[in-house]
Amino acid sequence: MAVLRFPAKARTIAAEPEIRSALAALGIEYERWDLARVPADAPAEAVLAAYAPEIDDLKRRGGYVTADVIDVNPDTPGLDAMLARFDKEHTHQEDEVRFILAGRGIFFLHLGEQVVSVEVGPGDMLRVPRATTHWFTLCEDRRIRAIRWFQQTAGWTPYYTGTGVDREFQPICFGPVWLGSRVDSTIGSNLSA
Ligand SMILES: [Fe+2]
């Protein structure tokens with residue numbers, strides 16, 4: 001479940017219908033998709049096959065030509081350099097479309113005069129239109145597995161704005177603690193220890 005925040009208004013939304021409608025009003029598409037279709041650690045080919053209907057539907061709607069599965073964790077070689085490419089405000093010449101299978105991260109979206117943040121986690125699909133100014137960072141466990149869609153096959157290039165606005169916002173993740181699941185998992189691990 002995502003967490004949508006409006007930092008300037010100190011407003012937080014963590015309910016799916018409200019997040020979807022608030023983001024739709026800002027031109028950002030958000031959906032919750034079923035996670036039970038395939039194990040979170042299934043091979044990429046199995047994930048792409050399991051979500052083929054949704055992948056093909058988005059391809060039709062967004063003109064995407066391909067989709068893949070990105071999978072990073074703290075042991076991924078070059079992770080810091082990879083994250084440093086995207087944690088400064090930038091745009092792309094194509095949409096940034098993600099369906100999160102595992103892990104969590106935060107998209108900061110600079111929309112007009114305001115910055116909103118969308119913390120995404122397993123089951124969240126987010127579609128950020130091309131040319132939207134934004135930046136992204138992982139949550140503290142530095143883990144994310146997601147399906148990505150692409151309109152071009154020529155690569156994924158960030159165009160930096162250089163405004164420095166990204167330095168004004170703390171990339172603090174709320175989700176697991178805020179929503180209580182981490183408490184449950186801590187209890188579970190204690191019991192099994
Ligand atoms: Fe980006």
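Colleague: Which residue of β9 stands opposite F99?

Modeller: In β9, the residue opposite F99 is M125. This is a predicted model, in which local features need pLDDT of at least 70 and side-chain atom pairs count only at pLDDT 80 or more, whereas totals for chains, interfaces and linings use all residues. Residues are numbered from 1 along each chain as its sequence is written.

Colleague: What makes β6 and β9 a pair of strands?

Modeller: Strands here are DSSP runs of E with at least two residues, and helices are runs of H or I with at least four, both numbered from the N terminus. Two strands pair if DSSP finds at least two bridges between them. Four bridges join β6 to β9, which run antiparallel, so the criterion of at least two is met. In total, the chain has six helices and 12 strands.

Colleague: What order do the strands of the five-stranded open sheet take?

Modeller: The order is β3-β9-β6-β11-β4, with antiparallel pairing. From one strand to the next, the twist averages 20°, where axes are lines fitted to C-alpha atoms (for helices, over the stretch in contact) and angles run from 0 to 180 degrees between N-to-C directions. On the other side of β6 from β9 in that order comes β11, joined to β6 by six bridges, with G103 opposite I144. Seven bridges then join β11 to β4, again antiparallel, and A67 has W149 as its bridge partner in β11.

Colleague: Why are β3 and β4 called edge strands?

Modeller: Strands β3 (29-32) and β4 (66-72) each pair on one side only, and it is with these two that the order β3-β9-β6-β11-β4 begins and ends.

Colleague: Why is E29 called partly exposed?

Modeller: A residue is buried if 20 or more other C-beta atoms, placed from the backbone, lie within 10 Å of its own, exposed if 12 or fewer do, and partly exposed in between. E29, which is found in strand β3, has 17 other C-beta atoms within 10 Å, and therefore falls in the middle class.

Colleague: With which residues is E29 in contact, leaving aside its neighbours within four places in sequence?

Modeller: With that exclusion, E29 is in contact (C-beta atoms within 7 Å) with A24 and R127. Although E29 and R127 are 98 residues apart along the chain, their C-alpha atoms are separated by 5.1 Å. As for the chain as a whole, residues 24 or more positions apart account for 74% of the contacts with a separation of 6 or more.

Colleague: Why is β10 described as largely enclosed by the rest of the structure?

Modeller: Six of the six residues of β10 are buried, so the strand is largely enclosed. Both faces are covered, with T133, W135 and T137 buried on one side and H134, F136 and L138 on the other. Six bridges join β10 to β7 in antiparallel fashion, and H110 stands opposite T133. Strand β11 is mostly covered, with five of its seven residues buried, while for the chain of 193 residues the buried share is 30%.

Colleague: Why does helix α3 lie largely in the open?

Modeller: Of its 11 residues, 52-62, the number buried is one, so α3 lies largely in the open. The helix is followed by G63, whose phi is positive, near 70°.

Colleague: Which residues touch the most other members of the largest nonpolar core?

Modeller: The core has 36 residues, and F107, L109, V118 and L126 touch the most other members; a nonpolar core is a set of buried Ala, Val, Leu, Ile, Met, Phe, Trp, Tyr and Cys residues joined through C-beta atoms within 7 Å. Among the elements that each supply at least two residues are β1 (3-6), α1 (16-24), β7 (105-111) and β8 (114-120). Residues up to four places away in sequence aside, F107 touches S117, V118, V120, L126, V128, H134 and F136.

Colleague: What makes A131 count as exposed?

Modeller: A131 has 12 C-beta neighbours inside 10 Å, and therefore counts as exposed. This residue lies in the loop between β9 (124-128) and β10 (133-138), and has a positive phi of about 75° although it is not a glycine. R142, in the loop between β10 and β11 (144-150), has a positive phi of about 50° and is not a glycine either, but with 18 other C-beta atoms within 10 Å R142 is partly exposed.

Note on methods
Contact = placed C-beta atoms within 7 Å.
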